[in-house]
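Me: I would like to learn how to read helix packing and cysteine environments from a set of coordinates. Could you take me through an example?

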Amino acid sequence: MGVPLRPVMLVRLLAGRGAFRITVQLMAVALLAAWGTATYGDFANAWGACTWLVFVPTAAEKAALKILPRTRLTTAELAALALRIAAAPVVVLAALLVVTVLLAPASTAALYLASATWAGCTGLLMTVSGLHRLRGRPALDATAFLVAATVVAVVTATTWLADWSPHTHLLVLVAAVTVVLISTLVALPGRWVRSRPSRRRLRHAFVRSTVLLGLTELLDAVTMSAIFLVLALTGRMVDSGPFHLALLASSLLCSFALYHLKLTQPATSLSLRGTGGAAGRARAARLLRGAERAGIAFGLALALALLVPATRAALASGGDVPPELSGYVVLTVLVVVEIAMAIALIYAGYLVENTDSRVLSLTAGAAAVRLAATVVCAFALTPSLGAAGGFCAIVLGLGAEAAVLRRLLRRAHPGDRPHRNVPSPVQAPKDPTTGK
């Protein structure tokens, strides 16, 4: 399970996920053209507010990718436990959606629940695909997401031609992805579905790791979704559209980076055990220091820009609906800055989380600080800057997370010293018997 994937298979996996992500991006653009800004704003707010639910089922995948490569006798039991943890929230959301559609099919609650169920189903599909990769069947991951991409494209085209409402569009998407999900579940080994952990201590340890590992990504996603809620509460609901479209570019690149790290996580989990963990934490500390300094520099530049009338007007144009040309330039610059800082923090957190279990609460705590800092900044900036203010808040929150996590890490492991030879996340661990 710790053996790296072959380059050809890596390309196939990235192509499968890439096709899915790009199709979802194109769907957003097509729906904006089909529905107009008002209807699309309602859809985008529901979609964005529920995106964080993707990371509820994938918490189990993250724990499985770290822990299962280190196990032998309990692999099937832990895989089944991961599957149950991932499936539970999706079943609850699906049940609530069915009841709501039967009672009030055109309600706002139905729109948000349909979006939430779609997010949960895609998250569960990612977890099941991760289990297929762990058991040596990575091609099923690529196939599942290529089929899901086809589903999104067909449903979007039908929505455009048949003038479906957002409710109908989301409900059909949920029904179609459920079929794909069931097909991937059936392909899992029976023991990986039916086994139960025989030891309570083992079950509790896995659940704890799942909660703490998943909490970081969940809080990061909630941070993004919170911006949509702030836009609604501050009377800038229509800005959800431009903000959502700009966020798509960031989420595309960050999700590629995160997925690549998950593909190599089994090997990284083995290489960062024990003494290798100090080297991983040292590299993470350097990344966090860079992100912290970038956040401070951005905050100072933003404060100066708001004091100058010309630059303040340029920032405000990024919150117009639709934005002016200068507004698009502002949003583009903000997206580039946000992507660079987000990827640095993703990699730093990945290195830290694959060392030992003591540091898991540190990454979760730092993510909680980021959420609080982002929401506070969003309430201060979005009323006047709209979508641009939302991105400014995200960048400031990333800087706060980097600063807090670096200090917590230094306090938890004061004996760590910088190492130059840090195990690469794509490098297989050496065999202690052969040295190869």
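Reply: The turns below treat a helix pair, then the cysteines and a serine, in what is a predicted model.

Me: How do the axes of helix 1 and helix 10 cross, and within what distance do they come?

Reply: One begins with the crossing angle between the two axes. Here the axes of helix 1 (residues 7-35) and helix 10 (residues 240-263) come within 11 Å and cross at roughly 165°; since angles over 145 degrees count as roughly antiparallel, the two helices are therefore roughly antiparallel to each other. The crossing of helix 1 and helix 10 is right-handed.

Me: Which residues make the contact, and how do they divide by character?

Reply: On helix 1 the contributors include L10, L13, L14, R17 and R21, while on helix 10 they include H244, L245, L248, F256 and Y259. Taken by character, the residues of this contact between helix 1 and helix 10 comprise 14 nonpolar, five polar and two charged.

Me: How many disulfides does a search of the whole structure find?

Reply: A disulfide is a covalent bond between the sulfur atoms of two cysteines. In this model, a search of the whole structure finds zero disulfides. As for the setting of individual cysteines, C50 is buried, with a relative accessible area of 8%, and C121 is likewise buried, at 4% relative accessibility.

Me: Is S115 buried or exposed, and which residues does S115 touch?

Reply: Burial is judged from relative accessible area, with buried meaning under 20%. S115, which lies in helix 5 (residues 108-134), has 2% relative accessibility and therefore counts as buried. Leaving aside residues up to four places away in sequence, S115 touches A46, W47, C50 and L170.

Note on methods:
Residues numbered from 1 in each chain as written. Predicted model: local features only at pLDDT ≥ 70, side-chain atom pairs only at ≥ 80, totals over all residues. Heavy atoms only, no water. Axes fitted to C-alpha atoms, helices over the stretch in contact; angles between N-to-C directions. Helix = DSSP H or I, 4+ residues; strand = E, 2+ residues; numbered from the N terminus. Parallel < 35°, antiparallel > 145°, perpendicular 65-115°, else oblique. Left-handed = near helix turned anticlockwise from the far one by under 90°. Contact = heavy atoms within 4.5 Å. Nonpolar A, V, L, I, M, F, W, Y, C, P; charged D, E, K, R; others polar. Disulfide = S-S within 2.5 Å. Buried < 20%, exposed > 50% of the residue type's maximum accessible area, 1.4 Å probe, protein only.
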